[in-house]
Amino acid sequence: DRLGGITLSLLTLPILMIVVPLIWMKLGRPAIFKQRRIGLHGQEFTVYKLRTMLPDRRRKLVPFEGVDRRVNHKSPEDPRHVPLGRFLRKWSLDEIPQFWNVALGHMSLVGPRPELPHIVDRYEPWQHRRHLVKPGVTGLWQVSERGDIPMHEATHVDIDYVEEISL
């Protein structure tokens with residue numbers, strides 16, 4: 001994983017050299033978004049992503065009548081995303097900095113997506129089984145369902161992955 005994270009970080013560097021200045025122009029600095037997430041054995045770590053949303057988006061009450069975040073992870077109609085951000089998310093380019101997380105040993109290339117601490121605080125005991133493996137840049141539900149199922153069902157897919165993991 002670490003070798004893959006380093007290799008992919010280097011291979012995607014040209015993309016970052018193009019995208020980061022675009023983010024600076026459209027959203028300002030910083031271009032890298034940092035957020036605390038829960039990883040292996042319930043340990044917190046900082047995950048890195050490219051910014052795709054308006055600055056101070058949580059302080060600005062932007063009305064949104066779209067799909068509830070508790071049901072679906074991402075919504076293409078979310079008004080907090082700028083057009084550049086929608087493009088980055090559509091092609092998963094916003095995830096490129098997570099290769100640094102893999103190189104640092106916080107994440108794996110494949111595994112359940114790391115979740116926010118306040119969401120993990122509300123987990124049922126069975127849901128913590130997803131923390132028996134490192135979280136991944138991509139996982140089974142991302143490639144098989146691509147976010148088209150409710151989040152609680154995605155947890156079942158993650159648990160299936162954890163129980164059936166193999167090389």
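Visitor: Leaving aside its neighbours within four places in sequence, which residues is Ile23 in contact with?

Guide: This is a predicted model, in which local features need pLDDT of at least 70 and side-chain atom pairs count only at pLDDT 80 or more, while totals for chains, interfaces and linings use all residues. Residues are numbered from 1 along each chain as its sequence is written, and side-chain values use heavy atoms, with hydrogens and water left out. Contact means heavy atoms within 4.5 Å. With those neighbours set aside, the partners of Ile23 are Gly28, Ala31, Leu50, Arg51, Leu84 and Leu88.

Visitor: Which element gives the most residues to the largest nonpolar core?

Guide: A nonpolar core is a set of buried Ala, Val, Leu, Ile, Met, Phe, Trp, Tyr and Cys residues joined through side-chain atoms within 4.5 Å; buried means under 20% relative accessible area, exposed over 50%, and partly exposed in between (1.4 Å probe, protein chains only). The largest core has 18 residues, and Ile23, Leu50, Leu88 and Met107 have the most contacts inside it. Two or more residues come from each of helix H2 (13-27), E2, helix H3 (83-90) and helix H4 (98-104). The greatest contribution, five residues, is that of H2.

Visitor: How many residues does the second, separate core have?

Guide: In soluble globular proteins, nonpolar side chains tend to be buried together. A second core, separate from the largest, includes Leu116, Ile119, Val120 and Tyr123, and its residue count is five.

Visitor: In the hairpin of E1 and E2, which residue in the turn has a positive phi?

Guide: Helices (H or I, at least four residues) and strands (E, at least two) are DSSP runs, numbered from the N terminus, and two strands pair if DSSP finds at least two bridges between them. Strand E1 (residues 32-38) and strand E2 (residues 44-50) run antiparallel and are joined by seven bridges, with Ile38 bridged to Glu44 in E2. Five residues separate the two strands of this hairpin. The turn residue with a positive phi, about 55°, is His41.

Visitor: Why does Arg113 count as buried?

Guide: Arg113 lies in the loop between strand E3 (108-110) and helix H5 (117-120). Not counting residues up to four places away in sequence, Arg113 touches several residues, including Glu95, Arg130 and Asp158. Arg113 counts as buried because its relative accessibility is 12%.

Visitor: What percentage of the residues of the protein chain count as buried?

Guide: The protein chain has seven helices and four strands, in the order α-α-β-β-α-α-β-α-β-α-α along the sequence. Of its 167 residues, the buried share is 44%.
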